[in-house]
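Biologist: Please take a close look at one part of this model, the aromatic side chains, and then follow the packing outwards from there. I would like the cut-offs stated along the way.

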Amino acid sequence: MPTQITEFRAPTRSALGFLDGHARLLERRLAQAWFAAPDPEHAHAVLHALEGHRNADGGLGHGLEADVLAPDSQPLAVDFALEVVEQVLQSPSGQHASVRDHAHAFAAGLPAYLAAQAQDDGGLPIVLPTIAAYPRAEHWGDGKFPAGLNPTASIVSRLRALEITSDWTTAAEQFCARHIETLRTAESLDAHTALTVFCFLDHAAEQDRAREVAAEIAARAATWTSFHLYPGSGYGLGPLDFAPGPDHPRRGLFPADAVEAHLDAIQQTQQPDGGWPLSWQPPGPASELAWRGVLALRNARLLHAFGR
């Protein structure tokens with residue numbers, strides 16, 4: 001990585017070293033966009049890496065989300081890609097107008113593919129049954145999932161942020177608005193769905209109301225499934241997945257001691273190679289390394305942002 005990694009604290013240096021030695025090209029180039037001297041070429045390189053996963057139907061596949069190794073396009077891969085695009089545009093290397101133009105061009109081809117996979121009401125399933133013919137993590141089963149807020153809400157909101165609109169995005173936004181309204185009184189909620197909803201609310205036109213709805217949903221965070229308000233065993237998202245920086249707008253939705261406890265846990269579980277173990281079983285060794293690279297970059301950014 002073309003940067004002086006001695007500028008960073010030891011845990012971040014170790015994580016960046018893990019990325020250099022073990023991660024996919026995508027995460028190594030994204031790490032450059034965040035940690036190397038700012039240069040638009042780092043940001044463009046990430047977008048070029050994403051383009052390698054494009055299929056003729058306009059969608060994305062080929063193991064971009066490393067728990068699904070199907071070559072054909074999947075809404076899950078589109079969701080993963082648009083989160084990466086968001087990270088690129090937030091990075092120090094992503095501030096040049098040419099990067100935003102590149103990101104817009106990358107995303108502009110997605111709505112036609114998404115419209116072809118969506119139900120009549122605009123909702124998307126997270127994966128398609130075609131994944132069953134290829135290696136995949138056990139939790140994806142036979143690939144038969146109903147349309148839902150996850151991934152519809154995060155996909156359409158990130159397309160909106162890139163000023164990408166279509167008949168499908170209009171239908172998808174209406175789908176999300178209807179389903180989010182029901183969550184205000186829902187007894188249970190999966191943390192992944194909550195995260196996609198918060199992404200949607202971040203980009204809502206009526207921000208006062210969006211903040212009100214977000215606060216209502218976050219107030220029940222302790223009851224969410226697949227969520228650890230405080231560090232715990234097994235798989236689960238945590239407050240840092242919702243508020244990945246001390247100044248993030250959602251930081252105040254979670255107790256300060258919960259955030260600090262998760263930061264402590266990140267430091268305590270870093271392994272000698274600079275990476276972190278996974279809390280689930282990927283479909284193979286390559287997928288495991290890919291996810292460890294994703295996790296190492298996430299944790300490096302968190303540790304650096306919080307001054308750890």
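Modeller: A residue counts as buried under 20% relative accessible area, as exposed over 50%, and as partly exposed in between, with a 1.4 Å probe and protein chains only. This is a predicted model, in which local features need pLDDT of at least 70 and side-chain atom pairs count only at pLDDT 80 or more, while totals for chains, interfaces and linings use all residues. Numbering starts from 1 along each chain as its sequence is written, and side-chain values use heavy atoms, with hydrogens and water left out.

The structure holds twelve aromatic pairs (rings of Phe, Tyr and Trp, the last by its six-membered ring, with centres within 6.5 Å; planes under 30 degrees apart are stacked, over 60 edge-to-face, the rest tilted). One of them joins Phe198 and Trp224 in an edge-to-face arrangement, with 6.2 Å from centre to centre and 90 degrees between the planes. This pair links distant parts of the chain, since Phe198 belongs to helix 9 and Trp224 to the loop between helix 10 (207-218) and helix 11 (239-242), 26 residues apart (helices are DSSP runs of H or I with at least four residues, strands runs of E with at least two, numbered from the N terminus). Phe198 is buried because its relative accessibility is 1%, and Trp224, at a relative accessible area of 5%, is buried as well.

A further pair, Phe242 with Phe254, is tilted, at 5.7 Å centre to centre and 50 degrees between the planes. Phe242 sits in helix 11 and Phe254 in the loop between helix 11 and helix 12 (256-269), so this pair ties together parts that are twelve residues apart in sequence. Both of these phenylalanines are buried. Together with Phe198, Trp224 and Phe227, Phe242 and Phe254 form one aromatic cluster.

The surroundings of Trp224 place these rings among other side chains: leaving out residues up to four places away in sequence, Trp224 touches Leu189, Ala191, Ala194, Phe198, Ile217, Ala218, Phe242 and Phe254 (contact means heavy atoms within 4.5 Å). Trp224 is also among the residues with the most contacts inside the largest nonpolar core, which has 84 residues, the others listed being Leu50, Leu114, Leu159 and Trp168 (a nonpolar core is a set of buried Ala, Val, Leu, Ile, Met, Phe, Trp, Tyr and Cys residues joined through side-chain atoms within 4.5 Å). Helix 4 (residues 75-90) supplies the largest share of this core, nine residues.

A second, separate core has eight residues, including Ala70, Leu76, Val127 and Ala137. Val127 lies in the loop between helix 6 and helix 7 and is buried, with a relative accessible area of 1%. Its contacts, residues up to four places away in sequence not being counted, are Val68, Gln74, Pro75, Leu76, Trp140, Gly143 and Phe145. Computed along the chain, Val127 is ten residues from Gln117, and their C-alpha atoms are 9.7 Å apart in space.

Helix 7 is the next element to follow. Ten of its 13 residues are buried, so that this helix is mostly covered; among the buried ones are Leu149, Pro151, Thr152, Ile155, Val156, Arg158 and Leu159. The cover over these residues includes helix 4, helix 5 (97-108), helix 6 (110-117), helix 8 (167-183) and helix 9 (191-202). Within helix 7 (residues 149-161), Thr152 is buried at a relative accessible area of 0%, and its contacts, apart from neighbours within four places in sequence, are Gly122, Gly123, Leu124, Trp168, Ala172, Phe175 and Cys176. Just after the helix ends, Glu163 takes a positive phi of about 60 degrees.

Cys176, one of the residues in contact with Thr152, leads to a last point. There are zero disulfides in the structure (a disulfide is a pair of cysteine sulfur atoms within 2.5 Å). The closest cysteine sulfur to that of Cys176 is in Cys199, 9.9 Å away, which is too far for a bond. Cys176 is buried, with a relative accessible area of 0%, and Cys199 counts as buried too, at 5% relative accessibility.
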